[in-house]
Amino acid sequence: MPVTYAPAGCLIRALLRKVHRDLQALPALCTLLLLCNPFTDASAGPAKWVGTWSTAPQLVEPNNNPPSPGLSHNTLRQIVRVSLGGDTLRMRFSNEFSTSPVTLNEVHLALSLGQGAIEAATDRVLLFNGKTTVTMEPGAAAISDPLPFSLQPRTDVAITIHFAATSADVTGHPGSRTTSYLLAGDQTSRADFSGAVRTDHWYVIHTIDVKAPDSSAAIVLLGDSITDGRGSGTNQQNRWPDELARRLQENPLTQQVAVLNQGIGGNCVLGSCLGPSALNRFERDVLAQSSVRWLIILHGINDSGGAQGTGVGSKLIGAYTSMIHSAHAHGILVYGATLLPMGGSSYDTPAHEAERQIVNQWIRRSGLFDAVIDLDRALRSPADTLRLRPEADTGDHLHPNETGHRLMAEAVDLQ
């Protein structure tokens with residue numbers, strides 16, 4: 001059974017908080033009122049941009065940089081699975097953390113057939129202000145023109161980029177759990193990438209939005225390596241956000257809900273571990289995403305597990321409070337997910353466990369979250385509640401395996 005707890009009258013309290021903060025917040029008030037019956041007729045109302053896929057960019061560590069022959073003047077094919085379908089899309093590319101310009105000579109989109117091959121009849125070229133080429137300056141991004149493209153929910157899309165000059169330091173997402181394919185020269189016209197160099201990382205791709213009915217909206221999942229998919233299967237697309245997207249599509253009442261995975265492996269809430277902290281990237285990875293209506297926060301195990309001394313639990317509570325208020329100000333409901341058990345892991349000390357318990361008890365009892373998803377209870381072993389269920393454990397006693405990712409998604413009440 002799902003173990004999601006919704007405090008009584010949470011939506012009413014959210015409305016009252018909005019009115020109290022700003023008597024002129026009528027548009028946001030109306031948005032929150034719609035949440036009482038969010039799954040209206042998908043054909044009703046005008047279309048809008050909704051995020052259907054996203055990944056959180058970071059500075060790629062040297063050992064995760066593109067393999068030889070590198071990106072410059074070569075062609076990279078990357079595969080992503082979207083959550084929501086549509087007939088028009090746009091893409092965003094990022095050079096946020098690079099110190100030199102990156103030029104995309106040409107970008108193609110097509111349906112993926114697996115193993116680097118595409119369905120050639122679906123191949124389309126992205127344009128940027130009417131041109132096939134775009135240069136991203138250091139710290140900048142590029143957004144494509146809208147592209148007519150028939151996209152079914154949970155489709156695998158191949159993004160094929162022929163690069164010109166690129167930066168020695170690369171913006172990307174190392175934890176793709178998905179294979180990318182690299183060939184020398186301009187190979188954008190090739191349907192089959194046999195013989196390509198393979199690497200399980202993404203580079204420069206950031207978001208895909210689709211035009212969807214006005215009743216559609218997105219959930220952002222903000223987290224660390226667990227949300228990023230550590231323990232899931234490479235090319236299986238079975239991270240817990242993927243499993244949640246599958247469940248949403250299988251339920252007729254939630255088929256207009258997209259899922260955006262904003263997990264970064266090794267990431268922290270409070271400080272810069274791997275990638276920018278959750279607090280620093282909150283604007284980019286949550287508020288700036290298209291048509292976000294819900295946020296699930298499962299984040300903080302690296303902070304509590306790596307803490308020196310005491311007090312990190314209180315600091316995490318302060319960070320959660322700040323994120324909740326910021327999201328509520330943008331009409332976004334926030335669900336708190338309790339931190340998973342870590343007994344037997346490299347993080348397991350009495351002091352670290354005490355901080356985790358402080359955080360989890362606050363998530364359950366504070367009443368600030370619009371609902372609580374108790375993943376701790378869903379995945380803890382009945383024989384030892386400080387440890388993961390054996391069937392859900394990768395063996396490091398910290399990260400769930402493929403069964404664990406499925407159980408996490410099943411613990412979310414789709415209502």
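Start by selecting Asp214, in the loop that links β17 (205–213) to β18. You are looking at a predicted model, and in it Asp214 is partly exposed, with a relative accessible area of 37%. Now add Lys48 to the selection. Along the chain, Asp214 and Lys48 are 166 residues apart, yet 5.8 Å separates their C-alpha atoms.

Zoom out for a moment and show the whole protein chain. Contacts between residues distant in sequence are common here: among contacts joining residues at least 6 apart, 80% link residues at least 24 apart. The chain holds 10 helices and 22 strands. Of its 415 residues, 57% count as buried.

Next, go to Ser68 and Pro69. The peptide bond between Ser68 and Pro69 is cis, with omega near 20 degrees. Pro69 belongs to the loop between β3 (58–59) and β4 (74–81).

Two residues with positive phi make a good pair of stops. Select Asn129 first, in the loop between β8 (124–125) and β9 (134–136). Its phi is positive, about 55 degrees, although Asn129 is not a glycine. Turn on the surface: is Asn129 buried or exposed? With 74% relative accessibility, Asn129 counts as exposed, because the cut-off for that class is over 50%.

Then select Gln237, in the loop between α3 (225–228) and α4. Gln237 is another residue other than glycine with a positive phi, here near 50 degrees. Gln237 has a relative accessible area of 5% and is therefore buried, the limit being under 20%.

From Gln237, carry on into helix α4, residues 240–250. How many of the 11 residues of α4 are buried? Nine of them are, so the helix is largely enclosed by the rest of the structure. To see them, select Trp240, Pro241, Asp242, Glu243, Leu244, Ala245, Arg247, Leu248 and Gln249. Now bring up what covers these buried residues: the cover includes the strands β18 (217–223), β19 (257–263) and β20 (292–298), along with the helices α3, α9 (375–379) and α10.

Keep α4 on screen and hide the rest of that cover except α10, residues 402–410. The two helices pack at an angle of about 50 degrees, and their axes are 8 Å apart. That angle makes α4 oblique to α10. Their crossing is right-handed. For the contact itself, show side chains on both helices: α4 contributes Trp240, Glu243, Leu244, Arg246 and Arg247, while α10 contributes His405, Arg406, Met408, Ala409 and Glu410. Colour these residues by type and you will find five charged, four nonpolar and one polar.

The last stop is helix α7, residues 312–329. Try the distance tool between its end C-alpha atoms, which are 26 Å apart. Why does that value fit? At 1.5 Å a residue, the 18 residues of α7 should span 26 Å, so the two values agree.

While you are there, select the buried residues of α7: Val312, Gly313, Leu316, Ile317, Ala319, Tyr320, Thr321, Met323, Ile324, Ala327 and His328. Finish just beyond the helix, where α7 is followed by Gly331, a residue whose phi is positive, near 75 degrees.

Methods:
Residues are numbered from 1 along each chain as its sequence is written. This is a predicted model: local features need pLDDT of at least 70, side-chain atom pairs count only at pLDDT 80 or more; totals for chains, interfaces and linings use all residues. Side-chain values use heavy atoms; hydrogens and water are left out. Axes are lines fitted to C-alpha atoms, for helices over the stretch in contact, and angles run from 0 to 180 degrees between N-to-C directions. Helices (H or I, at least four residues) and strands (E, at least two) are DSSP runs, numbered from the N terminus. Angles under 35 degrees count as roughly parallel, over 145 as roughly antiparallel, 65 to 115 as roughly perpendicular and the rest as oblique. A crossing is left-handed if the near helix is turned anticlockwise from the far one by less than a right angle, and right-handed if clockwise. Contact means heavy atoms within 4.5 Å. Ala, Val, Leu, Ile, Met, Phe, Trp, Tyr, Cys and Pro count as nonpolar, Asp, Glu, Lys and Arg as charged, and the others, Gly among them, as polar. The expected span of a helix is 1.5 Å times one less than its number of residues. Buried means under 20% relative accessible area, exposed over 50%, partly exposed in between (1.4 Å probe, protein chains only).
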